Structures are given as structure tokens and as C-alpha cells.
Amino acid sequence: MTVKDSEPSKELLSGIRALAGIQCCEVLEKPLFFTEKQAWLLRVRLSIEDDSNFIPITTTWCVLIHEAYPLGTIEIYPSKIGGIKATFPHQQRNEEGKEDVPWRTGKICTDSPIRNLNFLWQNTDPIGDADTRLRVHIERALAWLYAAVRNNLVKDGDPFELPQYPRLTLPLKVVHDEGPEFYATWLSNNSRIGEVIFNIFFDGKTLIAIEFKDLKGNFIRRASFLLGVNTEHERKGKKVGIWWRWDSPIVLDPWEVPATWKELRQIGKKLGVNVDNGLEIIARRIREKQEQILLIGYPIPLRKGDVNCEIHWYSILIPQLKKFAKPRNGFRNNEKGWWYHDRTTVFSDNEKINYILTHNWHSDRLQARGRMVQTLREMRILIIGVGALGSAIAEFLVRGGTKNIMIMDNDELMAGNLVRHILTFRDLDVNKAKALREHLVVVNPSVNIVADDRQFPNTKKEVEELLEGINLVIDCTASDEVLESLSLGWWPIPKIFVSLSLGFKGRRLFIFINDEHSFSAMEFKKRLHPWIHKEATVMYEQGETLEGPGCWSPLFPARYDDIMLASASAIKVIEEVIEKRPVATQFIVYEQENDNNSFKGFRRIS
């Protein structure tokens, strides 16, 4: 890495001078500018009153300060000379790192105050203040050191922190959906090693754990997602791997994932796990097969100090283990001899463990940033018509975590639809329902989506059979024929019927809600009728929109942003209705409000 002969800015020099007021901090040399990092390196020595097995009283640190100081980042790493070598909570994995830099990889957390470092909790990062910003970060580093020495970086009640992987180089990715609802199943199962079935998904490099069995083939559990995923577009085949369950976190003290098989054996000895016995069982199971995925895991709580509630898995790539036709280098030509050979090669003490990036796609994690209310998520939903409005409604529901949706439309996607439809040119001339399903299953694989490319039925028997088991029906067709057909059915358990339609240019949204044993098309027409004349007047005054010359039907004009605004409002109303049911029949109108050509919002007017 290139060191540039340059002079620090006056702001940085001011920040460095302010460190003189910290008695426990010593600046070791003038800062050096590293071109590739666009940052200044300042080496400091920090001293604390206590020490531990992993942290001496005095340690050396490399502070990387962005050239834009007092803006930009400030990162604090252990120095390769005189720095700590262990990895702690609230620290990146502390490896040797690149040869051409003087710092290790174990950056400590000083960007955001750690709640347990009490005197820091009230302080924000004083970005822009040259005199105090660097000093604040050094004070936080000292507080981190004291907490680390006292084993106090994480307290009871804090979110449970997982140790960071070693540097990953493999292009593969493994996905599972482990969550609290499966934990009792694992506790009741005595198996420690078993078989896991993966779907090969997306680009052929993503493996999704869909089923766990013991070594005898007995079923343990199945993934909660992907049960409806069965097309060639979604799945590229299957692969069999191995799982290995431990009872305690597989970490080196203080908080580090083992990098070699030797380190895994050290952890096993401490936890009472015979690692070689386990590896020998695994080797016998996978010998002569292609390289294998090993899921190795242990129970964890949601917060430190709480009871364990789920299994945490991480993935390891095991190369192909081979038999040999005759004795080799003193190893006998039998299973025992093959294992001894594996033990001195693939699983030797100094051999690095090949970790694979592993993600938990449990619905609680995928939807942690926001989802619909549980009542709506659990409903079985039918959306009739997935044009511009219906497709947007479907995507909102899928992103919100609904679990079972049927989408119904017999039309194909045309190029003119794309100005306001969520699908793309790749879906042209494909049935809208089928194309939308292909899109939605990669938005949220936890949702079971059924696409129906038929026209909505027009007999009482067919309508009742179609809606049997459906809790919520959302009509987005704006079709009188569909509404009349929908009103043919009657069901012993009331359903929520919602009919959505837009006014001219999407300026108005009409929502009709019926929580009954049947849908009342007559009541819908009665409520909508007073608004039809208003919409017709506006269309007459502004003129019809044509797609082109010739015998074209006039089009319904509405921009994509208008569709999204109306769809979002409709979803809010639907969610509110679900929470309050049973509800009376309602007819709701939203209207875009403008004042002197200035948009004021989408207002509920009726």
C-alpha cells in the first residue's frame, strides 16, 4: 500500500493536539497518508489500569482517519506490533490482514456508542468538529478496552452477538430458515449428525436447506418457505449435505470462530465433543461423493442471558473424500485407513476450514424492517385481476409477509402495460398471473403463490369452489361481469370482499368493502353510481387517450406513481378492516388534493 509524502490539514492537526488532554493516550509518531485508503494513519499507545489473558495494560493501535476529517470515517484497528490479537464482541474478526499495512483486521466499534459503555451512551459522533471528534473516538476505544478486560462488552439483555466468519473466498451461499418454532423439535431429537437436503436456487450458487433428516433417513423438519416453489426457473436441482449439532457456541475465547480444524478440536475438547469421532462418521457418510456442505450449529438466545430459542448454523465446504484401491503411504485399504488418511490431509490440524456465506431467511428476519399485521399475514387471499393496480397490491402483500396468495388473470402482458406495471419487458406476451408469480417468488420465498390464468368463472358452482377456503377476496378488474359473477356465490363463513377501482388518471381511488356470506354487486353499483357521472364529465372535458391510430379502444390513463399511491392507500385500508372485523359494508373514496398546482396529498373524502 502506497504511503504519500503529504502534510496533514490544520483540522487534523487540531484533532491530534486535542489528544494531549487524554492522560492514557500517547501519540507515537506523525500521521502517514495511505493513498489507497484515502486516510491518515495515526499510531497511538493506549494504557489502562487492568489487564487480562488477552489484553495487556498497554496496547498499540492504528487509527485510520479519512482525509476529509472532521468529516469521513474514523476506524481504529489493533497494530500488528504491540496490538491485541484476540477477537472480542463488538469487534471485527482480528486476523493478521494484508502484509503491506501495519494494522490487523480487528476494527473495534467506536462509530456508534455501545450501550454498555455508559458514559458514551449520551454522546453522538461530533462529525464536523475538528477539536473534539478524534478525541471522542479515542475515549470510546479506551472505554471498549476497559469493558473487554472486564468481560463486560455484552451484558444480559443485549442482543446476542454472533462471532464473525474468517474471510470468505468461496462463491457459494447457503440459506436456511431456522427459528424459534423449530427449536422444540431439535430438543426432542437425540441425533447429533444427520442429512440435509438443499434446493439449488437462483444462479446455481445459492443452496437452500429445505429438509433435515437423521442418518437413518427419519424426517426431522422441513423448511417453512419454498413449499410452493417447483418450477425450473426457481429451482436448478437438489444437493444432499450433512448437519452436525452441538450444545454450546463453537467459539474460541474470547469470541472467535475457529479458523482451522485444530482450533475446532480445541473447542470440542473444552465442550466435551469428540471432534474426530464426529468427522469420522461424516467422512464415512460422504466418501466418494462430490464435495459436500456441512452445516454445523449450536443453540443461541435472542438476547444474552435469555434461554436459547433457535439453532444457529454456519456452513463449511468439505472436499471430496476418496477411497484408494491399494494401501497408500502406510494407510490400509479400508474405511479405517481411509479415515486416518483424511485425518492427516483434509482434516489435519493446520488445514483451514472453508467457510461458506450462510444466511438465515426466517420470515421474522426477512420482514424485520416492516410487515403487515399477523391477522392479514395468515389469511388466504385471492386477487382477481393483476394489471397495474392488482400487481401492485400483490407485491405489497408479498413484501408484507402474507403467506398464501392466489392471483387470477387471463390476459397477457403487453408492451403498453409496462409504463405502470411492476413487470418488465422480459415478461411480454406471457400471462400476467404466471409472470407475476415468477416475479413475486423471488421477492419473498416464504409466500405460497398460486397463479391461475383462467377467466373468472361465471357459474355459481365454479365461483363457490374457487373461493372455498379463501378469507379475503380483492377484485382489481373494474369489470361489471366479474362483479356480477362474484355475487353468485354464498359461503357459510363470511369472507371479506374488497373491490378496488381508480378514477380518471388515478386521481381518485374507490374502495368497496363487504364482510358478508356473499358479495353484493347491487350495493357496490349503488354506492359507486353517484361518482360515475363525475368521472365521465372529467374524461369528456379532457378527451380520451388513444394508444395509436386506427380502430383502437380508448385507454385508461394513470401514471405509475398514481398507481403506487392508490395501492399503498388501499393496503392501509385493507389492513385496518382486517383488524376491526366484523365490519359493516363500506364505500370509501380517496382523492388527490392539489392547491395552485401544488400536490397536497391523498385525502379521504368519503
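**Salt bridges, a pocket and some lone cysteines**

Okay, let's begin with one residue: R437 is buried, its relative accessible area being just 9%. Before I go on, keep in mind that what you have in front of you is a predicted model. R437 has a partner, E438, and the two form a salt bridge with their closest N and O atoms 3.9 Å apart. E438 is partly exposed, at a relative accessible area of 24%. We use a 4 Å limit for salt bridges, so at 3.9 Å this pair still counts.

Now, how many salt bridges does a search of the whole structure find? The total is 42. As background, side chains of opposite charge can pair when their charged atoms come close. I'll take you through a couple more of these pairs.

Have a look at R265 and D349. Their side chains meet in a salt bridge, at 2.9 Å from N to O. R265 sits in helix α4, while D349 is in the loop between α6 (335-344) and β14 (355-360), so this pair ties together parts that are 84 residues apart in sequence. As for how accessible they are, R265 counts as buried at 12%, and D349 is partly exposed at 28%.

Then there's E576 with K580, another salt bridge, where the closest N and O atoms are 3.6 Å apart. This one is within a single helix: both residues belong to α14 (residues 560-580), and being 4 residues apart they are separated by about one helical turn. E576 is partly exposed, with a relative accessible area of 38%, and K580 counts as exposed at 55%. Going back to R265 and D349 for a second, salt bridges that share partners join those two with D276 and R343 into one network.

Since we've been talking about α4, let's walk off its end. Where does G272 lie? You'll find G272 in the loop between α4 (261-271) and α5 (275-286). Is G272 buried or exposed? It's exposed, with a relative accessible area of 68%. If you look for W246 from there, the two are 26 residues apart in sequence and 9.9 Å apart in space, going C-alpha to C-alpha.

Next, pockets. A quick reminder of the idea: rolling a probe the size of a water molecule over the atoms shows where empty space is left. I'd like to show you the second largest pocket, which has a volume of about 520 Å³. Helices α2 (133-149) and α4 are the elements that give two or more residues to its lining. In total 24 residues line the second largest pocket, and those nearest its centre are P89, N151, P254, W255 and K304. What sort of residues make up that lining? They divide into 16 nonpolar, 4 polar and 4 charged.

Last topic, cysteines. How many disulfides does the count come to? It comes to 0. Take C62, which is in no disulfide: the nearest cysteine sulfur belongs to C25, and that is 13 Å away. A disulfide needs the two sulfur atoms within 2.5 Å, so 13 Å rules that pair out. C62 is also buried, with a relative accessible area of 0%. C109 is in no disulfide either; for that one the nearest cysteine sulfur is the one in C62, 18 Å away. C109 counts as partly exposed, at 27% relative accessibility.

That's my tour, thanks for listening.

Definitions and conventions: Residues are numbered from 1 along each chain as its sequence is written. This is a predicted model: local features need pLDDT of at least 70, side-chain atom pairs count only at pLDDT 80 or more; totals for chains, interfaces and linings use all residues. Side-chain values use heavy atoms; hydrogens and water are left out. Buried means under 20% relative accessible area, exposed over 50%, partly exposed in between (1.4 Å probe, protein chains only). On a 1 Å grid over the protein atoms alone, a cavity is a set of points where a 1.4 Å probe fits but cannot get out, and a pocket is an open set with protein on both sides within 12 Å along at least five of seven lines; lining residues have an atom within 4 Å of a point. Grid points are joined across faces, edges and corners, and a volume is the space filled by probe spheres set on the points. Ala, Val, Leu, Ile, Met, Phe, Trp, Tyr, Cys and Pro count as nonpolar, Asp, Glu, Lys and Arg as charged, and the others, Gly among them, as polar.
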